[in-house]
Amino acid sequence: MKIALGADHGGFELKEEIISYLKDNGYDVEDYGTYSKESCDYPDYALKAAEAVASKECDLGILICGTGIGISIAANKVPGIRAALCSDTFSAHATREHNDANILALGARVVGPGLALDIVKTFLGAKFEGDRHLARINKITEIEKKYYK
């Protein structure tokens, strides 16, 4: 499984820890930056990673900024992306199982590295249940089609 990662300066250190975890556990990783703690703009990295997931170049994505809010908002502007901000493992598995989320967003200033890695493991291990949830995902796709012409 290939995972797209992106972060701004606030999420840089946590991104590096997550990349290490992913590589140690056999995942392919595509790092879309940032590559330092120098101040930068989260939409730039959200866009790169979200486009990679939307185009199927990568299977799933993980985005990190200080709170996870801004980077998830930016990613969700890309058609086909369902980025979910999670600060706990319940939300991480529920968003994959029920919402077929394809990007996990994390707030580096909200969750510590230990919890973040548990959330990542949970998100990547969960699978979309389909069935009754598919109709809801299809409604989200119809909203995208209405506004993204």
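Where is the place of D131? In this predicted model, D131 is found in the loop between α5 and α6, the latter helix covering residues 132-147. The backbone at this residue deserves attention, and the account returns to it after the interior has been described.

The interior is best approached through its nonpolar cores. The largest of these comprises 24 residues, and the members with the most contacts inside it are L5, I18, L22, I62, L104, L106 and V120. At least two residues of this core come from each of β1 (2-7), α1 (12-24), β3 (60-65), β5 (103-107) and α5 (113-125). A second core, separate from that one, has 18 residues, including A4, V53, C58 and L63.

L104 offers a view of how the surroundings of one core residue are arranged. Beyond its neighbours within four places in sequence, L104 is in contact with G61, I62 and L63, with A84 and C86, and with I119, V120 and F123.

Helix α1 can be followed in the same way. This helix has 13 residues and reaches 18 Å from its first C-alpha to its last, close to the 18 Å expected at 1.5 Å a residue. Its buried residues are F12, L14, K15, I18, I19, Y21 and L22. These buried residues pack against β1, β2 (28-31), β3, β5 and α5. Just after the helix, G26 adopts a positive phi of about 85°.

Helix α4 (residues 89-99) contains T95. T95 counts as buried because its relative accessibility is 7%. Leaving aside neighbours within four places in sequence, T95 is in contact with A84, C86, D100, A101 and F123. By contrast with these contacts, E57 lies 38 residues from T95 along the chain, and the C-alpha atoms of the two residues are separated by 21 Å.

F123 also takes part in an interaction with a charged side chain: the charged end of R96 sits over the ring of F123, 5.6 Å from the ring centre. As for pairs between aromatic rings, a search of the whole structure finds zero.

The loop between β5 and α5 holds V110. When neighbours within four places in sequence are set aside, V110 is in contact with G66, T67 and S87. V110 and C86 are 24 residues apart in sequence, and their C-alpha atoms are 10.0 Å apart in space.

The cysteines raise a further point. How many disulfides does the structure hold? There are zero disulfides. C40 forms no such bond because its sulfur is 10 Å from the closest cysteine sulfur, that of C65, which is too far. Likewise, C65 is in no disulfide, and the cysteine sulfur nearest to its own is that of C40, 10 Å away. C40 is buried, with a relative accessible area of 14%. C65 is buried as well, at a relative accessible area of 4%.

The remaining features concern the backbone. Most residues other than glycine have a negative phi, and most peptide bonds are trans. Against that background, several places in the chain can be examined in turn.

The peptide bond joining G33 and T34 is cis, with omega of about -5°. T34 is placed in the loop between β2 and α2, a helix that covers residues 42-54.

K56 lies in the loop between α2 and β3. Phi of K56 is near 70°, a positive value in a residue other than glycine. Is K56 buried or exposed? K56 counts as exposed because its relative accessibility is 69%.

D131, with which this account began, also has a positive phi in a residue other than glycine, in this case near 50°. D131 counts as exposed because its relative accessibility is 69%. Its position is the loop between α5 and α6.

Methods. Residues are numbered from 1 along each chain as its sequence is written. This is a predicted model: local features need pLDDT of at least 70, side-chain atom pairs count only at pLDDT 80 or more; totals for chains, interfaces and linings use all residues. Side-chain values use heavy atoms; hydrogens and water are left out. Rings of Phe, Tyr and Trp (its six-membered ring) pair if their centres lie within 6.5 Å; planes under 30 degrees apart count as stacked, over 60 as edge-to-face and the rest as tilted. A charge sits over a ring if NZ of Lys or CZ of Arg is within 6 Å of the ring centre and within 35 degrees of the ring normal. A disulfide is a pair of cysteine sulfur atoms within 2.5 Å. Buried means under 20% relative accessible area, exposed over 50%, partly exposed in between (1.4 Å probe, protein chains only). Helices (H or I, at least four residues) and strands (E, at least two) are DSSP runs, numbered from the N terminus. Contact means heavy atoms within 4.5 Å. A nonpolar core is a set of buried Ala, Val, Leu, Ile, Met, Phe, Trp, Tyr and Cys residues joined through side-chain atoms within 4.5 Å. The expected span of a helix is 1.5 Å times one less than its number of residues.
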